Amino acid sequence: MSTKMSTDLNITRPTSRVIRPPGGTASNIFGSYDEPTPSRAKTPASPAKGVPAPPAAETVVAPPAPPAAPKNVEGKVAIVVGGTLEADVLVEKINRALVLEGVKGAVVSKVGDIQALPFAAQNAGRSVDVVIAAAFVPNDPSGTITSAMNSTLLQLGITGRTPIVSALANASSLLEAKALLPTHAEGWAKSVVAILEIKKGPNVELALAPEPVIHKAPELTPDLNNVNDLMEVLRESLKNRGARGITGLGRKFRIADDDNSGSIEFAEFQKVIAEHALGWTNAQVKLVFEHFDSDHSGSISFDEFIIAIRGHLNERRRNLVLQAFQILDSDKSGVVELNDISAKYDASKHPDVIAGKRTVESVLSEFLDTFDTEEKDGKVTPSEFCKYYSNVSASIDDDDYFELMIRNAWHISGGEGWCANSSCRRVLVTHTDGRQTVEEIKNDLGVKADDKDAMIANLREQGITDITDIELAGGSKAAVKNAAAASPAKADRPTTGYGRRAPGGKSSLVLG
């Protein structure tokens, strides 16, 4: 019996054999057992005697592409390594990355104590243009030491005479740190090149910053009769007195409500204005009071107070609201009508419709009437839609939360961080090459939960065209029509043979 390990054997002979595990089935399948074995190419028959052979086709070989000009970046670079943990590996990988970026002739300095690395880097900077301060930082699972040393090196590089590129790697998992070292070294080398080009190259191009649009506060005079300008003055005064959020405004409202009636009368409102020492005339006070009193009841309710102070939409919120309006406006007519609502919502599942108490049309009309705030004509304009959400916006302090609310309510894809949409449906897509990925059905408002054809069409519009089937939450699948034409070799492959499956037949995380 040979004592060679499998890694010592040089096997180059191709094979079409498929090794099956005991029992005849596999839990983890790579490739497919049902794919046909490629047939061997047949040797062409020799021409008959006396029949001249056809002339051989002339092969035209394209000339080789000219080799890329070698990079050559001028400048002196020092690699300073702290500590003894894999110091030679650090030097080798970093120097190789520098050479590939065109930086040659780097000098190396090593210091045994990693704590002395900042001082060694500062000392090396006296004779070079850029310093790379590198180390594997051991015994730092929380990353505190690495972060502190990074900050120190960055500060020295900014305040000192020589820039310092911090090249620290947390060695809590040394194997992982060494595996990622070539990628990190490439990034460090690119940083060095960028610094050298700034120092040795032409001056950095400077351009005038765009002129900012500065909104000047209205100048308060006895003749000022623009209610919007007066409201701006009042808002600024409330902010300066601590009434910024919904809580602070509520406290200010309760203070103004002397008789605890839940509303502010005109006399109480006059006291509020006098307290702020705004210097308004009686006509200006009355003008703003009437602006607050939207229902003309003679008093200001808490809702009227909050909406008037906070109800205006800033640019970010307004853009999001208009995105929602465009999604609801199915026929792109510029107004939302009953047919637009019916295209996006299925009212047949409403409890009152199921019970026979109401019709589908009455439910949809009620929904439309929610946004028809100005003229009750069965049509919602962008202005009316924004007015509705101005009232909603008044009770939401945080812009990020408002964005999350709008995106999830109207299934608007996108957003960053915790503002990212989480309501659009996600499906497991099986591709024609056997890979499985989780994809988002973007902007899926109006796509029914069982309308898999619409989901597949949505994915194709996103550029995902190599689809064999999709799987929804709960294991429901939908095969793509005419999939055999797109991938004949895999058309008859059972869908349960793809990827890795969790117990119970449902898909777990799939590594492509």
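**Two loop asparagines**

Begin by selecting N260, which counts as exposed at 66% relative accessibility. The structure on the screen is a predicted model. N260 is placed in the loop between α6 (246–256) and β5. Although N260 is not a glycine, its phi is positive, at about 55°.

Select N139 next. This residue sits in the loop between β3 and α3, and it also is a non-glycine residue with a positive phi of about 55°. Is N139 buried or exposed? Its relative accessibility is 71%, so N139 counts as exposed.

**The whole chain**

Now display the complete chain. The protein chain contains 17 helices and 10 strands. Of its 512 residues, 34% count as buried. Among contacts in the protein chain with a separation of 6 or more, 57% are between residues 24 or more positions apart.

**Helix α3**

Follow the loop that holds N139 to helix α3, and select residues 144–159. This helix of 16 residues reaches 23 Å from its first C-alpha to its last, which is close to the 22 Å expected at 1.5 Å a residue. Within α3, colour T146, M149, L153, L156 and G157, which are buried. These residues cover an arc of only 100° around the axis, and therefore they lie on the same side of α3.

Which residues are exposed on the other side of α3? They are T144, L154, I158 and T159. To see what the buried residues of α3 pack against, show α2 (117–124), β3 (130–137) and β4 (164–170).

**Helix α8**

Proceed to helix α8, residues 282–292. Q284, V285, V288, F289 and F292 are buried in this helix. Seen down the axis of α8, the buried residues fall within an arc of 135°, so they line one face of the helix. The face turned away from this buried side carries the exposed residues N282 and A283.

Next, add the elements that cover the buried residues of α8. They include α5 (227–240), β5 (263–264), α7 (266–275), β6 (300–301) and α9. While α8 is in view, select K286 together with F266. The charged end of K286 sits over the ring of F266, 5.6 Å from the ring centre.

**Aromatic rings**

A pair of aromatic rings is described by the distance of the centres and the angle of the planes. In this structure, the count comes to 15 aromatic pairs. Select F292 and F305 as one example: why is this pair stacked? The ring centres are 5.8 Å apart and the planes are at 15°; since stacking requires planes under 30 degrees apart, the pair of F292 and F305 is stacked. The pair links distant parts of the chain, for F292 belongs to helix α8 and F305 to helix α9 (residues 302–310), 13 residues apart.

Both partners may also be viewed with the surface displayed. F292 is buried, with a relative accessible area of 1%, and F305 is buried, with a relative accessible area of 7%.

A further selection shows a cluster of rings. Ring pairs link F325, Y345, F367, F371, F385, Y388, Y389 and W410.

**Strand β8 and the loop after it**

Select E440, in strand β8 (residues 436–440). E440 counts as buried because its relative accessibility is 17%, and the cut-off for buried is under 20%. Leaving aside neighbours within four places in sequence, E440 is in contact with S413, N421, C424, R425, R426, L459 and Q462. With which side chain does the side chain of E440 make a polar contact? The partner is the side chain of S413, at 2.9 Å. Add L428 to the selection as well: the C-alpha atoms of E440 and L428 are separated by 9.0 Å, and the two residues are 12 residues apart along the chain.

The final stop is D444, in the loop between β8 and α16 (452–461). At 3% relative accessibility, D444 counts as buried. Apart from neighbours within four places in sequence, D444 is in contact with H411, C424 and R425. Where does the side chain of D444 reach at 2.9 Å? It reaches the backbone nitrogen of R425. Displaying E440 and D444 together brings out C424 and R425, since the contacts of E440 include C424 and R425, and the contacts of D444 include them also.

Key
Residues are numbered from 1 along each chain as its sequence is written. This is a predicted model: local features need pLDDT of at least 70, side-chain atom pairs count only at pLDDT 80 or more; totals for chains, interfaces and linings use all residues. Side-chain values use heavy atoms; hydrogens and water are left out. Rings of Phe, Tyr and Trp (its six-membered ring) pair if their centres lie within 6.5 Å; planes under 30 degrees apart count as stacked, over 60 as edge-to-face and the rest as tilted. Helices (H or I, at least four residues) and strands (E, at least two) are DSSP runs, numbered from the N terminus. Buried means under 20% relative accessible area, exposed over 50%, partly exposed in between (1.4 Å probe, protein chains only). A charge sits over a ring if NZ of Lys or CZ of Arg is within 6 Å of the ring centre and within 35 degrees of the ring normal. Contact means heavy atoms within 4.5 Å. A polar contact is a pair of N or O atoms within 3.5 Å; within protein, one must be able to donate a hydrogen and the other to accept it, and residues adjacent in sequence count only if both atoms are side-chain atoms. The expected span of a helix is 1.5 Å times one less than its number of residues. The arc is that of the directions from the helix axis to the C-beta atoms.
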